[in-house]
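Hi everyone, thanks for coming. I'd like to walk you through a structure that is new to most of you, so let's put it up on the screen.

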Amino acid sequence: MTIHIDHHPDQNRDEIVEKNQGNVKEQETEHVLDGGFVAPHTNSFGHTFRDYDAESGRRRSVEDFYRTNHIGQTVDFVKRMREAYGKLNRTEMSIWECCELLNEFIDESDPDLDEPQIEHLLQTAEAIRKDYPDEDWLHLTGLIHDLGKVLLHPSFGELPQWAVVGDTYPVGCAFDESIVHHKYFKENPDYDNPSYNTKYGIYTEGCGLDNVFMSWGHDDYMYLVAKENETTLPSASLFIIRYHSFYALHKSEAYKHLMNNEDRENMKWLKVFNKYDLYSKSKFRINVEEVKPYYLSLINKYFPGKLKW
C-alpha cells in the first residue's frame with residue numbers, strides 16, 4: 001500500500017524556511033512549531049483548526065455527532081465499555097496490521113480532516129520525528145495514538161462513532177463548560193445526578209487522572225491495549241495516548257484539580273505532542289513503504305509481535 005507524497009521526510013528546517021522566505025503568502029499562512037515543523041494556520045477545508053462554528057460541509061454533522069456523544073457518555077456506559085473491551089478478547093494482531101485496518105475509516109468528529117486515518121498517523125509521526133529525532137518513543141506514539149479507532153470495525157463490535165472518536169472528558173463529575181458543544185450535556189442522565197454534577201463528583205483533589213473515568217473511546221481503549229500488552233513505552237507515552245483528545249485539560253486547563261505530580265510531569269510531553277497531532281493534519285502525502293521499515297523497528301522495540309485487542 002503506497003500513499004504518494006509531495007513532502008520529503010528528510011527536508012530540513014533551513015530548506016523549509018528558505019522556501020517560505022521566497023513566498024510571502026506562505027509566510028503569512030504558516031508558522032513553525034518547536035524548531036522545525038511548519039504548520040498551516042488553516043485546515044483541509046480552509047478554516048482555522050478546531051473551529052466548530054466555521055461554515056463548512058461538515059459543521060452540521062460534527063455538531064450532531066457531539067450532541068449524541070454528550071448524551072450517551074455516562075458513568076454507567078463508560079464502566080460497561082471498559083469492562084467489555086478491557087478483556088482484550090476480540091482478536092490478536094500486530095501494531096502495523098492495526099494501522100492498515102484503520103485505513104478504511106474517516107473520523108466524523110474532526111472538523112479539520114476528511115482523510116483516512118493512516119495518513120494522519122504518519123503525518124503526525126513524521127512531523128515529530130523531524131523535530132525530535134532522538135525521541136523514538138514519541139515517534140511511535142505519534143503512529144499508534146489513534147489505533148483505538150479500530151473500535152469502528154465490525155470485528156470490534158462496530159461501535160458508533162460517538163463512542164469511539166471526538167474530544168474526551170471525565171465522567172463522574174461536572175462537565176466543564178470549556179468542552180465543545182457543552183449545551184448538549186443537559187440531556188445527559190448524569191447531568192442532574194448530585195453524585196456526579198459537582199466539581200469533584202466521585203473523585204478527590206489530586207487523585208490522579210489514572211483514577212478518573214474518561215468518556216469512552218479510542219483513547220482509553222488504546223491505552224488499555226498498550227498497558228495490558230506490557231509495552232515498554234514510557235509513562236509519558238501512555239499519558240499521551242489516553243489524554244490526547246482531552247482538550248478541556250490541555251487547552252483550557254480544566255480538571256487540573258484532579259491531577260497528581262506524575263500527571264503534571266507527563267503533561268509537558270502531551271503539550272508537545274498535541275501541536276503535531278492537531279497541526280499536522282493536511283493534504284500532504286506520505287510514502288508508506290519508504291517509512292515503514294523505521295516504524296516496524298520501533299514497534300519491535302516497544303511491543304510484542306502480536307497484541308491482544
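I'll go from the whole chain to the core, then to a pocket, and then to a few single residues.

Two bits of housekeeping. This is a predicted model, where local features need pLDDT of at least 70, side-chain atom pairs count only at pLDDT 80 or more, and totals for chains, interfaces and linings use all residues. Residues are numbered from 1 along each chain as its sequence is written, and side-chain values use heavy atoms, with hydrogens and water left out.

Okay, the whole chain. What do we have in the way of helices and strands? The protein chain has 12 helices and four strands. Those are DSSP runs numbered from the N terminus, H or I of at least four residues for helices and E of at least two for strands. Of the 309 residues, 54% are buried. When I say buried, I mean under 20% relative accessible area; exposed is over 50%, and partly exposed is in between, with a 1.4 Å probe and protein chains only.

The accessible surface comes to about 13500 Å², and carbon and sulfur atoms hold 46% of that. That's the Shrake-Rupley method with a 1.4 Å probe, and for residues only the protein chains shown count as cover. As for contacts, meaning heavy atoms within 4.5 Å, take those with a separation of 6 or more: 76% of them join residues 24 or more positions apart.

Now the inside. A nonpolar core here is a set of buried Ala, Val, Leu, Ile, Met, Phe, Trp, Tyr and Cys residues joined through side-chain atoms within 4.5 Å. Which residues have the most contacts inside the largest one? They are L143 and W309, in a core of 87 residues. As background, nonpolar side chains tend to be buried together in soluble globular proteins. If we skip neighbours within four places in sequence, L143 is in contact with W96, C99, L121, L122, A125, Y295 and I299.

Staying with W309, one of its contacts is C98. C98 sits in helix 5, residues 95-101. Buried or exposed? C98 counts as buried because its relative accessibility is 0%. Beyond four places in sequence, C98 also touches M93, L147 and V150. The C-alpha atoms of C98 and I144 are 9.0 Å apart, with their positions 46 residues apart along the chain.

Next, helix 9, which covers residues 235-243 and has eight of its nine residues buried. Among those buried are A236, L238, F239 and Y243. Keep helix 9 in mind for the second largest pocket, since helix 9 gives the largest share of the lining there, four residues.

A pocket, on a 1 Å grid over the protein atoms alone, is an open set of points where a 1.4 Å probe fits, with protein on both sides within 12 Å along at least five of seven lines; lining residues have an atom within 4 Å of a point. This one holds about 230 Å³ of space, where grid points are joined across faces, edges and corners and the volume is the space filled by probe spheres set on the points. Helix 8 (218-228) and helix 11 (261-279), like helix 9, each supply at least two lining residues. The lining includes D210, Y223, K227, S235, N260 and D263. By type, five are nonpolar, three polar and four charged. For that split, Ala, Val, Leu, Ile, Met, Phe, Trp, Tyr, Cys and Pro are nonpolar, Asp, Glu, Lys and Arg are charged, and the others, Gly among them, are polar.

Let's finish in the loops. Just past helix 9, in the loop to helix 10 (247-250), is S245. S245 counts as buried because its relative accessible area is 7%, and its contacts beyond four places in sequence include G166, D167, H218 and H250.

Two residues have a backbone worth a look. Most residues other than glycine have a negative phi. H181, in the loop between helix 7 (136-144) and helix 8, has a positive phi of about 55 degrees. E230, in the loop between helix 8 and helix 9, has a phi near 60 degrees. How do they compare for cover? H181 is buried at 13% relative accessible area, whereas E230 is exposed at 66%.
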